[in-house]
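Colleague: Could you take me through one part of this model in detail, beginning with a single residue and its surroundings and then moving on to the packing around it?

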Amino acid sequence: MGFISWERRGRSAANGAAALLASVAAIALSAPSAHAQPATQAASEQTDQSKKTDQQKAAPAVATLLDRILVLSRTGETAVQSLASASHVDQEQLDRRMATTPNEMLFGVPGVAAQADARRVSTSINIRGLQDFGRVAVIVDGARQNFQRSDHGTQSTFYIDPELVKSVDVIRGPVANTYGSGAIGGVVFFDTKDAVDFLKPDETWAGSVTGRYESNGKGWTTSATGAYRINENWDVLGNIVYRDYDNYKDGDGDTVNGTGFDVLSGLLKTTIRPTENSELKLGWVGSSDGWDETSGGVPVNDVDLKSNTFTARYNITDEDKSWLDLHINTSYNKTNLDLTSLAPQNRFDPATGLPLVLPAGSLSTFDVGTTGIDIWNTSRFETNGIAHELTYGGDWVGDNVKTGGAAGGDSFYTPSGKRNVSGAYVQDKLTWDWLEVVAGLRYDSYSLKDDMHDISGDRLSPRVTVGVSPFESAGLAGLQFYGTYAEGYRSPSITETLISGNHPAGVSFPFLPNPNLRPETGKTTEFGVNYKQNDIFEPGDAFRLKAAYFNNDVDDYIDGVTLSPFAPGSGCPFGPGIPICFQYQNFAKAKINGFELEGVYDAAWGYAGLSASITDGHTVSYKGVEADLATIPSSQVTAQLGLRFLEDKLTVGGEVQYNGKPKGNAVATDYTLVNAFASYQATDNLKVDFRADNLFDVKYANPLNGSTTVAVYEPGITLKLAATMRFGG
């Protein structure tokens, strides 16, 4: 299977999308009801539920989001069972959000923010104030997304089309260190769609078509999905998505240049079950994106990005999942970004610092390949009445970075090189009556090299968690308290260690490499509470709650600093035309603490949810000087309410989110967003979705863009309308 190389479609695709949307509605409404199938699995569940009697509806408690098993859990836990800060976003939530970009999929998840600025297709995820250079492990179907490009603002970016995703799992903090090296901030796992989620039990094949229009940016999305069951042990699914968007307008009605894009994405996945207790998943996810980068509101670069991810995941168990629950994951991700200048640009030569003109048509290339292997097994047994879930395994990730192009081009500042990180771990989860203990130890090592440097290091990182469920009375039986101490280890990246040359534009100053960078060590203490209760106000309702306070000290935190040539021992050379130098250096630590809450109440009439996160943090130099941490996100409170009508065929609701200005952020302000949504199962085979984002047209900027040179304002009011037709047989 080769890499995709799709040409970007013209703006005329919008007319085709309009025709497609109209055709979907016309065909669906005229289709014979005997062959009708629901638009999505969620819609299917709603239709089936509408046929239940009142007695059947009232009997079981509904399963909330916090009751869903986390895909990335290595011991099969749900979010509310996990003795960690974990969240789950399922297919129903994703459909409701009608996400255009990855950051919209994470709306309202406590402790999680996304930085995307104008380049909406490139996203960097922030967890608890930590982001970039692998501090947050972003994983798609088991494949690490490690693309990085030196720039103002976002550094480590990725893209996955929301239409291809069926769920998102988040684990916050270094308790996630069993999922790979470096994740001192946490892990975000995107799980793409499977045929088994799309096909009904009695179907051999099925397909769906979706057309969607967005008012702000006048954007169109078209998506087609097809699945086929070859036999009971082998199925395949494919999905193709095309998006075409113009520049959007902010809350004042001003056009934000450089925010338009077009992207073609695809997914192909097959699942084979060789035996009753084994499963092999082979998958490919790819995208071809294009957009313009601007400077001062004027397009300066044409960007063409192609990303391909290949994965193979194998699981085999014994009959009872006792001693054998073996997982073997392999992956390869390749991202190629080509940057072509649209006009001559005044630059400085990276080597000499002398002025030069980068002619129009100059090309800079960024090629990042990431190979990964992840193997683990969980053994379940008992000793003296204590249940054990013993998980042990190892992983390896290798990055191969190749950059090049025109002299003085942007790729010069993202160094080429190779980095390997690997680790092995053992973790035992012990359960006895009201007591639960998780104890683990991870070993990490890394090596980093280019033509002149060869650097390595290693460390052991422990984790200990204790959870107690002390109450047996009906109202308190579902209450659990836990405390955790966990450490994580992140090696320096190639760019942080090896960046060199002179600043390309504006003011010329040198970047200094730092081969003496020490790895970061995250040390987190967390105290949390989990609570679950059913049948509170009426039969069948359910309430779930997670809350936690955390304190994270990141020793030897790495950040960029400016150095004066006049300061003794700074390492910044003194000379004409050198006002400052820039270098990544270690700080004594970054101190980050905060509070997170996530709760949901679900009943037959609807649901209500509340999430909140407050994060504060600063760096401390080796001389004890404190400074605000620029990556601290807004404090957030998000409330959601959904109501179900017409025997659950119609769901309407809204979201209100308050965002508080982070301390010390130069561009941030307090702001409140109000969104509304509706979903209507018009017929068995036609589903219509509507959403209004930023209903009151608030003008606001992402606080995480405060470190960039110009504040980029987010979209004003945006109306979205979609129709989905599903068919099968």
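Modeller: The model is a predicted one, and I will begin with Ser87, which belongs to strand β1, spanning residues 85–89. Ser87 has a relative accessible area of 1%, and because buried means under 20%, this residue counts as buried. Beyond its neighbours within four places in sequence, Ser87 is in contact with Leu70, Val109, Pro110, Val168, Asp169, Val170, Arg172 and Glu598. Two of these contacts deserve a closer look: the Ser87 side chain makes a polar contact with the side chain of Arg172 at 3.1 Å, and it makes another with the side chain of Glu598 at 2.7 Å. Val168, also on the contact list, is 81 residues away from Ser87 in sequence, while their C-alpha atoms are 8.3 Å apart in space.

Val168 and Val170 lead on to the largest nonpolar core, which has 29 residues, and in which these two, together with Met105, Ile125, Ile160, Val188 and Phe190, touch the most other members. Two or more residues of this core come from each of β3 (124–127), β4 (136–140), β6 (165–172), β7 (186–192), α6 (195–198) and β10 (234–245). To take Phe190 as an example, and leaving out residues up to four places away in sequence, this residue touches Met105, Ile125, Val138, Ile139, Val140, Asp141, Phe158, Ile160, Val165, Ser167 and Val168. Separate from this is a second core of 22 residues, whose members include Tyr159, Val263, Val368 and Leu498.

Methods. Residues are numbered from 1 along each chain as its sequence is written. This is a predicted model: local features need pLDDT of at least 70, side-chain atom pairs count only at pLDDT 80 or more; totals for chains, interfaces and linings use all residues. Side-chain values use heavy atoms; hydrogens and water are left out. Helices (H or I, at least four residues) and strands (E, at least two) are DSSP runs, numbered from the N terminus. Buried means under 20% relative accessible area, exposed over 50%, partly exposed in between (1.4 Å probe, protein chains only). Contact means heavy atoms within 4.5 Å. A polar contact is a pair of N or O atoms within 3.5 Å; within protein, one must be able to donate a hydrogen and the other to accept it, and residues adjacent in sequence count only if both atoms are side-chain atoms. A nonpolar core is a set of buried Ala, Val, Leu, Ile, Met, Phe, Trp, Tyr and Cys residues joined through side-chain atoms within 4.5 Å.
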